[in-house]
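I opened the notebook on this structure today. These are my entries, in the order in which I looked things up.

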Amino acid sequence: MTYPDGPLPGLAPEQETMFEGAALTYARHRPGLPEAAVRLLADTLRGRPSPVLLDLGTGTGQVPLALLSAGAELTHIEAVDVSPQMLHQARQALTPVLGHCTLTLVHAAADAYEPLATLPGGPDSGPDLITFCRSYHWMNGRAVLEMADRVATPGAAVSIMGDGSLWTHDADWTRALRELIQRYLGAERRAGARRAYAEPRRSYEEDLADSAFKDVTEHLYPVTRAWAPHEVLGYLRTTSFAAPELFAERHQAFEDEALALLHAHAVDGSLVEEATFRVLLARRPKGAR
């Protein structure tokens, strides 16, 4: 694992520490990627001589783990995150399935990332696929896409993907849960202990249109998830809007009330989430490098 000295550049202290205590819970309770989305990503690597993945905001390594498990023949993975604890969980998950693929874990803010060594394939090598899974909204979009253009190989693909959260999902049980969170923490959606969540000023498509990666296709994958009430509580502990530290001494009271609410809404012990996993797959226009 590689670490810069001192605080991560361009990163507020609360961003650097926001998910540190949640790494193990995150690994257990965050939903993975739909198989169809993984196949789409794997297809972008076909025919590349020594495929390299750069996963920005890797968390517990869900994207590289999904690709390796699907048989993608990656040569090297660069997994970047602001949390050492998340990177530790990523190493735990990825090491058993790497095979001949090499792995570098980088403790850095995504827009400050630069390759620390020559990647496999020679001095002009770089990532063939750059992914942001449920992470792009935490980043400086313009800066991170400029960085992606500097490091990516010709013909590389950039993928921004995600499916919202239980805060944004619209169902009877998620509305009731959101109202309970607001009763404890206030009407504004929290984004860690020090600030409220601010919606991005621009769409991801607008960011990509102003970047080198202007050739964009959208792919939508319906996903149905069945949550047990205790799984929802585990998920909430990993979020920036309902992390335990936001409730302080009232966290147990919140969880007791939330669990009762979830059991009341469950049908045959399950709470159904109908989500859409959205993938924006972007490349430089033909004729660009």
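Entry on α3. I looked up what the buried residues of helix α3 pack against in this predicted model. They pack against helix α4 (62-69) and against strands β4 (129-133), β5 (157-162), β6 (215-227) and β7. I then listed the buried residues of α3, which spans residues 35-43: Ala 37, Val 38, Leu 40, Leu 41 and Ala 42.

Entry on β7. From the α3 partners I went on to strand β7, which covers residues 271-283 and holds Glu 274. Which residues does Glu 274 touch, leaving out those up to four places away in sequence? I found His 169, Val 223 and Thr 224. I also took a C-alpha separation: Glu 274 and Ala 226 lie 48 residues apart along the chain, and their C-alpha atoms are 8.9 Å apart.

Entry on the chain as a whole. I counted 11 helices and seven strands in the protein chain. The chain has 289 residues, and 52% of them count as buried. For contacts, I took the pairs at least 6 apart in sequence; 83% of these join residues at least 24 apart. The accessible surface comes to about 13600 Å², and carbon and sulfur atoms account for 50% of that area.

Entry on cavities. How many cavities of 30 Å³ or more does a search of the whole structure find? The search gives one. I noted about 80 Å³ of space in the largest cavity. Its lining consists of Tyr 26, Asp 55, Gly 57, Thr 58, Gly 59, Thr 60, Gln 62, Val 63, Cys 133 and Arg 134. I sorted the lining residues by type and got three nonpolar, five polar and two charged. Two of the elements from the α3 entry come back here: Gln 62 and Val 63 of the lining fall in the range given for α4, and Cys 133 in that given for β4.

Entry on confidence. I left the pLDDT for the end. The mean over the protein chain is 89, and 89% of the residues reach 70 or more. Which element has the lowest mean pLDDT, and which the highest? Helix α1 (residues 13-17) has the lowest, at 47, and helix α11 (residues 251-265) the highest, at 98. Over residues 3-17 the pLDDT is below 50, and I noted 22 contacts in the model for this stretch beyond near neighbours in sequence. Where pLDDT is low, predicted coordinates should not be read in detail.

Terms used. Residues are numbered from 1 along each chain as its sequence is written. This is a predicted model: local features need pLDDT of at least 70, side-chain atom pairs count only at pLDDT 80 or more; totals for chains, interfaces and linings use all residues. Side-chain values use heavy atoms; hydrogens and water are left out. pLDDT is the predictor's confidence in each residue, from 0 to 100. Helices (H or I, at least four residues) and strands (E, at least two) are DSSP runs, numbered from the N terminus. Contact means heavy atoms within 4.5 Å. On a 1 Å grid over the protein atoms alone, a cavity is a set of points where a 1.4 Å probe fits but cannot get out, and a pocket is an open set with protein on both sides within 12 Å along at least five of seven lines; lining residues have an atom within 4 Å of a point. Grid points are joined across faces, edges and corners, and a volume is the space filled by probe spheres set on the points. Ala, Val, Leu, Ile, Met, Phe, Trp, Tyr, Cys and Pro count as nonpolar, Asp, Glu, Lys and Arg as charged, and the others, Gly among them, as polar. Buried means under 20% relative accessible area, exposed over 50%, partly exposed in between (1.4 Å probe, protein chains only). Accessible areas come from the Shrake-Rupley method with a 1.4 Å probe; for residues, only the protein chains shown count as cover.
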